[in-house]
Amino acid sequence: MTTQIQMNAVTQPRQRGLTLILILGLISVGLLAPLVVYPVFLMKFLCFALFACAFNLMLGFVGMLSFGHAAFLATGGYITGYAMTHFGLTPELGVLVGTLASAILGFVFGKLSVKREGIYFAMVTLALAQLVFFFYLQADFTGGENGMQGIPRGELFGLIDLNDNLNMYYFVLAVFLLGFFVVYRTVHSPFGQVLKAIRENEPRAVSLGYSVGNYKLLAFVISAALAGMAGSTKALVFELESLTDAHWHMSGEVVLMTLLGGMGTLFGPVVGAAIVIAISTLFSGGELGNYIHIIMGAIFVMCVLSFRRGVVGEFQRVMARNFSASRVGK
Amino acid sequence: MVTFMGINLFALLGQLLVGLINGSFYALLALGLAIIFGLLRIINFAQGALYMLGAFLAWLALHHLGVNYWLALVLVPLAVAAIGMLIERWLVRPIAGQDHLYSLLLTFGIALILQGTFSHLFGSSGQSYPIPDALKGGYNLGFMYLPVYRAWIILVSLLVCAASWWVIEKTRLGAYLRAGTENPALLQAFGVNVPLMITLTFGFGVGLAGLAGVLAAPVYSVSPDMGANILIVVFAIVVIGGMGSIGGAILTGLMMGIIEGLTKYFYPEASTTVIFMVMVLVLLVKPSGLFGKEA
Amino acid sequence: MKRNTNTPKAGFKLALHCSVAALMSVAALSAQAATGLSDNKVKIGVLADMSGTYGDLCGRHCVDAVNMAVEDFGGSVLGKPIEVVSADDQNKPDLGSAKAREWIESEGVDAINGLVASSVVGAVAQVANVNEKPILISGAGSNTFTTKTCSPFNAHWTYDVVALARGTVKPLMDSGKKKWFFITADYAFGHALEGVATGIIESNGGTVVGSARAPLGTTDYSSFVLQAMSSGADVVALANAGKDFVNSLKGAAEFGLNQQATMVGLLVFASDTKAIDADIIGDMRLTTGFYWDRDDASRAWAKRFVDRTGAIPTMAHAGAYSSTLHYLKAIKATGTDDGKAVMAQMKAEKPDDMFARNAALRADGRMVYDMYQVRVKKGSERSNPNDLYEIEHVIPGDQAFGAMKPECNFK
């Protein structure tokens, strides 16, 4: 019946203060990081972290595994790229347009799929995303196999030149924080509470009078929109959008990031994205390029067999245990 | 050239035949998926990778051990089945009680490992496997030249699919299988070794993928990602057919191959997407699939 | 966007400060860059499809070829070491472009060689052009790099679609084969090749009766072959390369298309010719920029190449060697690795090595040199596995590549 993935407790109210401090600390790290690390690498990480957070909204907080999120990443990228190239939009508008386009696609996907459950939902989203992949492969405006090349980064609000990597970085950071904030608000809202109720016991949510289908659909649209926002931003960073983003491997990669970092946790997808991006950067391009797939596959198998909570989930569990133990001791 | 109402019949029939050949592969792979799903309720994401493994094993056996095609046609599916049974026993069974999504992710991971390993060892471009001498040449059908080997693919695939269907639907063994699908606990109580049956069924399902791999080796080049691309199509076929019936998987597989062939003639641009469009249509009209029983 | 303005504002203030600082340091650096070597070394990146569809025609052995050039040059220039790095672009523009960006922006790479799939080269060129780094295009064919998207930093070395179409299409037209069908690789290179060839066919009174676009890396060509068979064409031209060429020609033979029409490969590398049965490809006439068995110099180089790699050298390998050598000579002559100065010098001095004959790097970045029209030997004519071609005649550079196009007008 309902698909229930064993979940980690979402941050409890008493942890919320802690979470805020953690967030502020991370923001300051984010502000200083490009002085030490190659900014393009950081931007890539932030885009994928946002992508994973968006995906986690579905898997972690509604309990539905979408295997088609690559379609939203690519749609954001292509639409933003097209709008920037042909209408000369400023980057913030470009990202907005890409995000909206993904939201609309998310609505269509959602209409076709949210009534399906478990593996059916996964397969339907996968197949729909493949349809989108082939559409982008054939459509003229995407450049097909050549990719959409030469997307201008433009000037933010018509003022700040994003061709400078540092300026671009702070823009990406801002977009990421905005996206993260949306996820945070969604999860910690009455709407988010209903989603969790659906995840834990769908029939009960139905019997309480919630229109489960609509809740799932709205969550799916938000998730798709944020994934699109990640894709839009990524297209600006690399001044290029390509079929790699639409390929189902990308859908698999975001599952991996979320699973590894800890699904159903706020920071899990961010940590997962950091690890996966670090690994793939380490191996990219070289003789060892194919090890990426082997390592990713091995991580998948390991996570499923014995590490289902993910890095952050395990961390939270250990913390919670120690915390409560010390209280009992007193 | 024969034309009818502006349609070039020769070209159309040719594309339909090519579609039927592709459909044969779809049917074999969808059948394997359906059998595994029927008993274990898991979607085996590694089915494509095991199809690739079958092709590679045949190629390796030929080039390093001198094992010819005919022997490979028997041995390789058995080898793939054996590997599949090990996977089931050691990796899939430990998470049997968990949500089915985990087994999907697990088999996805296995697929990545297999694909990555073969890309690393043999590069991502294809290796060629010669057509066995006895199946070289072709028939002139008037409207097209049908290479013997392509006809052989259709023949083998249809025979194997029909035999599997017969075993599952018409024999005592098949009755056990179907009973296991409905109520494994009850079947166990009747003294049937259900875990063993599950392992063997998994082996049989992936063995079919291995067989498809050997059949494919001489016509498609043997490459690490050959399974990845076909698998998503097979998933769509499974959604279209619905997961309830073995016959449904076979019929839908063949049908979709033919529809793809038709599209290649009338509107080639859509030939890669047509199956997915059919899927969307089916989802709108009959969400449980054409032959499906799932509510 | 509006609800969360605090942090971005703070970020942008910092960003402004940082970018001012960065700009100042860039200005300081560029004042020094006119002479001497950046980072005290010359670093060449080799970017190619290492193991995929195009792996055999350039791939790892292009890295070998570049290394051979570095060794032949003495391993150092202006007393400073020469370093070669390489990466696999898997024929994906996003991978290639990201790698080029990383190399140039954070690893001090001075020039990029290899460069096979035109789609990847297009993306790499954008990054390299902005950063004023030379790209030595040894494997790609699209002529856009010296026309529409030309740049002072592009050196298009080995061949292009114009030379291929002129060399191969014209003689077939002259022999009376007027109805053509294309099986084309569905991306920048294939489109460009089909486009140029179509122009030549139509201006010589021929017609193109159809074309089928096959994705890069297709392995089963049966439906494309069937389309070609029902078109009634005299000539079926394969506007693809590498494994795609091998698979499509084999597919044509399997369905008997080669009995019905003349098959011709528009871009054929020696590695591909070797991979196909002599029965199928024997007697095909094609255009190439290099054949190992041409003269003593090419034979001597090819022997070293084969000893090192075990593979037959293709024109891409030879081109990667030749372009690297010429690039290093230019650095030595100008005393700097500054992109602008080096490119100017590369154009001023004529390339002259075992690959480039009667050669010159034209102002638009096109390397113009003698190409060859060859006939593939039949099985019975071959004395060893690498004995593939008979050179029928030499196509002088200006005939092969044509005149410079007015579209390219950078300063």
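How many residues do chain B and chain A each bring to their contact? Chain B brings 35 residues and chain A brings 33 residues. Keep in mind that what you're looking at is a predicted model.

**View 1. The side of chain B that touches chain A.** Three helices of chain B each hand two or more residues to this side: α4 (100-122), α9 (226-241) and α11 (274-285). The largest share comes from α4(B), with 16 residues. What kinds of residues make up this side of chain B? They split into 24 nonpolar, 9 polar and 2 charged.

**View 2. An open sheet in chain C.** Here you'll find 4 strands lined up in the order β8-β7-β9-β10, and the pairing is parallel. Look to the edges for β8 (207-214) and β10 (262-265) of chain C: each has just a single partner strand, so one side of each has no neighbour in the sheet. Going from one strand to the next, the twist averages 20°.

**View 3. Zooming in on β7 and β8 of chain C.** Strand β7 (residues 179-185) of chain C runs parallel to β8(C), and 7 bridges join the two. To pick out a pair of residues, start at Thr184(C): its bridge partner in β8(C) is Arg213(C).

**View 4. Ala348(C) and its surroundings.** This residue belongs to helix α14 (residues 339-348) of chain C. Is Ala348(C) buried or exposed? Ala348(C) counts as exposed, because it has 12 C-beta neighbours inside 10 Å, and the cut-off for exposed is 12 or fewer. Also in the frame is Ala360(C), which sits 12 residues from Ala348(C) in sequence and 8.4 Å from it in space, C-alpha to C-alpha.

Technical notes: Residues are numbered from 1 along each chain as its sequence is written. Chains are lettered from A and ligands numbered from 1 in the order in which they are written. This is a predicted model: local features need pLDDT of at least 70, side-chain atom pairs count only at pLDDT 80 or more; totals for chains, interfaces and linings use all residues. Two residues are in contact if their C-beta atoms, placed from the backbone, lie within 7 Å. Ala, Val, Leu, Ile, Met, Phe, Trp, Tyr, Cys and Pro count as nonpolar, Asp, Glu, Lys and Arg as charged, and the others, Gly among them, as polar. Two strands pair if DSSP finds at least two bridges between them. Axes are lines fitted to C-alpha atoms, for helices over the stretch in contact, and angles run from 0 to 180 degrees between N-to-C directions. A residue is buried if 20 or more other C-beta atoms lie within 10 Å of its own, exposed if 12 or fewer, and partly exposed in between; C-beta atoms are placed from the backbone.
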